Amino acid sequence: VKNYIDEMLHEKRSLHFSLIDPDKIRSIDELSRLSKQLYDAGTDAFLIGGTLGISKSELELCLDILEDFEIPKILFPSNINIVSEKADAVLFMSLLNSDDIYYVIGAQVMGAPIIKKNKLEPLSTAYIIIGHGGTAGHIGRARVIPFDNFELASAYVMAAEFMGMDFAYLEAGSGSPETVKPEMVSAVKKISRINLIVGGGIRSEEKAEKIASAGADIIVTGNVIESNIENATKIIRRIKQTKSIE
Ligand code: 1GP
């Protein structure tokens, strides 16, 4: 999966990942319909996860439905219960700005042997929570980085790069009223070559385009898939047309 992402990023455009939260899916038919629309629009991977209310059976049901699509299925775990051998890879995340050691290294120690057993490819990721932070920020006891503190965000991303992580995820929180600012994305990209994932609150094509042209390597949308699938597919198409200004 890491090689697939690296190859796609050589094309100098941002990738789009569709976040499927098993707790928010109302029926199998709905997920089949939505995932086909996302795939047809050109989403580059499915992320599967969420913070609250996910059971293993719901997770695996989602993975069974997504199996038909020939793009990676990547777990986006909030805790060690979000693991399944039916996925291809897992964002192996450390919540770098958490005050709780469990989210920095505790869950990772407990999760690593489970990931090994399930033969999942770990994608080493610094999870950095910005601004609103949403449920992930609350549960993860994040000391959130203000939306306009580019220097602090850049320092976290540099630290992640120096620790050898492959990805840094700037997360405004699912459903956040504001997104990570495009100016923060370009500030971070100026000082680091790490693959930058940006998500949280992205609901419009215009905002997605600004974040993509600021240099985000991967853009994640979640809520808009369930609330407005037309917008979700427009966002994907717009991202695919946008060249990064790096
Ligand atoms: C959440 O970044 C993702 O972890 C996506 O956020 O649901 O607001 O699109 P949204």
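In this predicted model, the side chain of Glu 171 places an N or O atom 2.4 Å from an oxygen atom of the ligand. Asn 223 does something similar, with a side-chain N or O atom 2.8 Å from a ligand oxygen, and a polar side-chain atom of Tyr 169 lies 2.9 Å from one. On its own the ligand exposes 300 Å², and the protein buries 97% of that (Shrake-Rupley areas, 1.4 Å probe). Among the residues around the ligand are also Leu 19, Phe 76, Ser 174, Gly 199 and Thr 221 (a heavy atom within 4 Å).

As for the nonpolar interior, the largest core holds 57 residues, and Ile 128 and Leu 170 touch the most other members. Such a core joins buried Ala, Val, Leu, Ile, Met, Phe, Trp, Tyr and Cys residues through side-chain atoms within 4.5 Å, buried being under 20% relative accessible area (1.4 Å probe, protein chains only). Apart from it lies another core of 25 residues, including Leu 15 and Met 93.

Numbering runs from 1 along each chain as its sequence is written. Local features need pLDDT of at least 70, side-chain atom pairs 80 or more, while totals for chains, interfaces and linings use all residues, and side-chain values use heavy atoms, without hydrogens or water.

Conventions. Buried means under 20% relative accessible area, exposed over 50%, partly exposed in between (1.4 Å probe, protein chains only). A polar contact is a pair of N or O atoms within 3.5 Å; within protein, one must be able to donate a hydrogen and the other to accept it, and residues adjacent in sequence count only if both atoms are side-chain atoms.
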